[in-house]
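Have the sequence and the 3D view open side by side. Follow the text residue by residue.

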Amino acid sequence: MTVEFWFLIGAALVFWMQAGFAMVETGFTRSKNAGNIIMKNLMDFCIGTVVFSLLGYTLMMGEDAFFGLIGKPNLDLFTHFKEFISSPKEGYTDASYFVFNLVFCATTATIVSGSMAERTKFSAYCVYSAVISLVIYPIEAHWIWGGGWLSGLGFHDYAGSCAIHMVGGIAALIGASVLGPRIGKYVRDKNGKVVKINAIPGHSIPLGALGVFILWLGWYGFNGAAATSASELSAIFLTTTIAPSVATCTTLIYTWIKNGKPDVSMCLNASLAGLVAVTAGCDAFDALGAGAVGIVAGVLVVLVVEVLDLKLHIDDPVGAVGVHCANGIWGTVAVGLFANPDAPAGLSGLFYTGSFTLLGSQLIGFASVAAWAAVTMFLFFKLLKKIDFLRAEPADELAGLDLSEHGLPSAYADFMPAVDKYAEFGTGEQITAVTGTTPVAEAVPVKREASFDGHKFTKVEIVFKEEKLYALKDAMSKLGITGMTVSHVMGYGMQKGHTEFYRGVAVETDLRPKVQVDIVVSAIPVRDVIETAKKALYTGHIGDGKIFVYDVENVVKVRTGEEGYDALQSD
């Protein structure tokens, strides 16, 4: 009972990973598709539960049939419920096995969502998610865990690097390739050759990071739920911690050297890549082996993400192929290399015993499962594309799938960018020292715009960096300015900022966040306002800000009806 209780708690942790996948995918994509992504991650589990109950579970765990290729379908879940929940003399109840395998099945389906995000019809997603849970996953999982032919060869995939992650990753790769890239991702010349690759950053790295932490927590259940002893469970927890940690450190160093700065999103992907890679052999590796698996995973995830994007021009917004497909394969093969006979599984890897037997079994298993997933998913996605059922309309994609697919104007209806936080900075003194050499006339240029007839008042419009809001507000207050309007704006001048990299692709910052302050003055000399603003904003760098000066015909205070100079006075 105690072991079965942990078995079910582990299954609950795996279910919680759905939240992690939802957060990672949402954070790594644009906000206009956030609601659509949440809906997909909800429905792939719910739809998967329905079809897995009807057929998928028995194809996977039913009595072996057709030479170990599939399980024999039955309806015991519905027709023999009492026996289904009864405790056997050995092992767990069928109900426990069902729930455990269901949550793993849902993981396979949800992996595909990320690579095809932002341009797939919701109806198409529901259909192919159902097919994965109904047929694709159950059949190959039967080969490995249901008593099928691969289990008889000694193939080892303890928690699913191959059966779950590689299969989901292959489906993600084929789906993204057949579907095509997001609009604007690749610029092609008249001959169809890609001449420019645009980075499309996700809208919330914090959401993506939250998802990674949720997944990491859930992974202790993912890898450890089937453990039957404290020794085995502790060994699995150890390897499940070491591999992703080493992978993340590896990617940190690799991207820091390559791009000049450590890549946040790649490091998040690396944590998941290490978890995927260690999953097959989490009970077969020692600490050294888990570390070696993590090092390769940390480099492999970056290479695959960049090759897919920069060379093959396959658009995978969240890095699902690099994380799950590439490292699912690597983790499966790594069992044959790094399995230590002293680990709980007691397997003999090449590097510890010199035996090629296990490595051969792992290669056969990887190749056969990969072939099954690749052929079936390619044919299925091609069929969906052929009947024009796969991709959203261009206008819907540009507007965002939240609106077109779900009638949701925004997943963040009440959220607006705020600039008031910058008003809390500083101590009343100028907060940024002059560090550049650009003359003040270039760093903070002043332009006078055409005016109305009958000039009476002057409007000074200042556009500048967000972090200088406090310095400007404080300086204007000391000058005697008692009112101003502050707005959050986006824009750029001739200088677009320094080149940065997002997932290995140069980011062209077309729009940068700025603050716009509008001040209408009469008694205070306009030149004093201008000079005070320049002094407060100047750091010596291009982009310090711009000041626009307008003549204003009149000012009217709505509440009192006062006009002119009186309307500018405080109550």
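What follows is a walk through ring pairs, a helix packing and a few single residues.

The model is predicted. Start with the aromatic rings. A pair of aromatic rings is described by the distance of the centres and the angle of the planes. Across the whole structure, a search finds 22 aromatic pairs. One of them joins phenylalanine 7 and tyrosine 97. Their centres are 5.8 Å apart, and their planes stand at 75°. Planes over 60 degrees apart count as edge-to-face, so this pair is edge-to-face. It connects distant parts of the chain. Phenylalanine 7 belongs to helix H1, residues 2-27. Tyrosine 97 belongs to helix H5, residues 94-115. The two are 90 residues apart. Phenylalanine 7 has a relative accessible area of 3% and is therefore buried, the limit being under 20%. Tyrosine 97, at 27% relative accessibility, is partly exposed.

Turn to phenylalanine 338 and phenylalanine 351. This aromatic pair is also edge-to-face, with 5.1 Å from centre to centre and 75° between the planes. Phenylalanine 338 lies in helix H13 (residues 320-338), and phenylalanine 351 lies in helix H14 (residues 350-353). They are 13 residues apart, and the pair links distant parts of the chain. Phenylalanine 338 counts as buried at 13% relative accessibility, whereas phenylalanine 351 counts as exposed at 53%.

Now go back to phenylalanine 7. Ring pairs tie Phe7 into a cluster with Tyr92, Tyr97, Phe100, Phe104, Trp219 and Phe222.

How do H1 and H5 pack? Two packed helices are described by the angle between their axes and the distance between the axes. For H1 and H5, the angle is about 15° and the axes are 9 Å apart. Angles under 35 degrees count as roughly parallel, so H1 is roughly parallel to H5. Their crossing is left-handed. On the H1 side, the contact residues are Glu4, Phe7, Leu8, Ala11, Val14, Phe15, Gln18, Phe21 and Glu25. On the H5 side, they include Tyr97, Phe100, Val103, Phe104, Thr107, Ile111 and Gly114. Phe7 and Tyr97 thus appear in this helix contact and in the ring cluster.

Charges over rings come next. Lysine 40 places its charged end over the ring of tyrosine 125, 5.2 Å from the ring centre. Lysine 459 lies over the face of tyrosine 550, 5.6 Å from the centre of that ring.

Is asparagine 36 buried or exposed? Its relative accessible area is 0%, so it is buried. Asparagine 36 sits in helix H2, residues 34-61. Leaving aside residues up to four places away in sequence, asparagine 36 touches Phe122, Leu401, Asp402, Glu405 and His406.

Lysine 478 is in helix H19, residues 469-479. At 64% relative accessibility, lysine 478 is exposed. Its C-alpha atom is 55 Å from that of arginine 188. Along the chain, these two are 290 residues apart.

Finish with two loops. Glutamate 118 is not a glycine, yet its phi is positive, at about 80°. It lies in the loop between H5 and helix H6 (122-145). Glutamate 118 is buried, with a relative accessible area of 1%. Aspartate 388 is not a glycine either, and its phi is positive at about 55°. Look for aspartate 388 in the loop between helix H15 (357-386) and helix H16 (394-399).

Terms used: Residues are numbered from 1 along each chain as its sequence is written. This is a predicted model: local features need pLDDT of at least 70, side-chain atom pairs count only at pLDDT 80 or more; totals for chains, interfaces and linings use all residues. Side-chain values use heavy atoms; hydrogens and water are left out. Rings of Phe, Tyr and Trp (its six-membered ring) pair if their centres lie within 6.5 Å; planes under 30 degrees apart count as stacked, over 60 as edge-to-face and the rest as tilted. Helices (H or I, at least four residues) and strands (E, at least two) are DSSP runs, numbered from the N terminus. Buried means under 20% relative accessible area, exposed over 50%, partly exposed in between (1.4 Å probe, protein chains only). A charge sits over a ring if NZ of Lys or CZ of Arg is within 6 Å of the ring centre and within 35 degrees of the ring normal. Axes are lines fitted to C-alpha atoms, for helices over the stretch in contact, and angles run from 0 to 180 degrees between N-to-C directions. Angles under 35 degrees count as roughly parallel, over 145 as roughly antiparallel, 65 to 115 as roughly perpendicular and the rest as oblique. A crossing is left-handed if the near helix is turned anticlockwise from the far one by less than a right angle, and right-handed if clockwise. Contact means heavy atoms within 4.5 Å.
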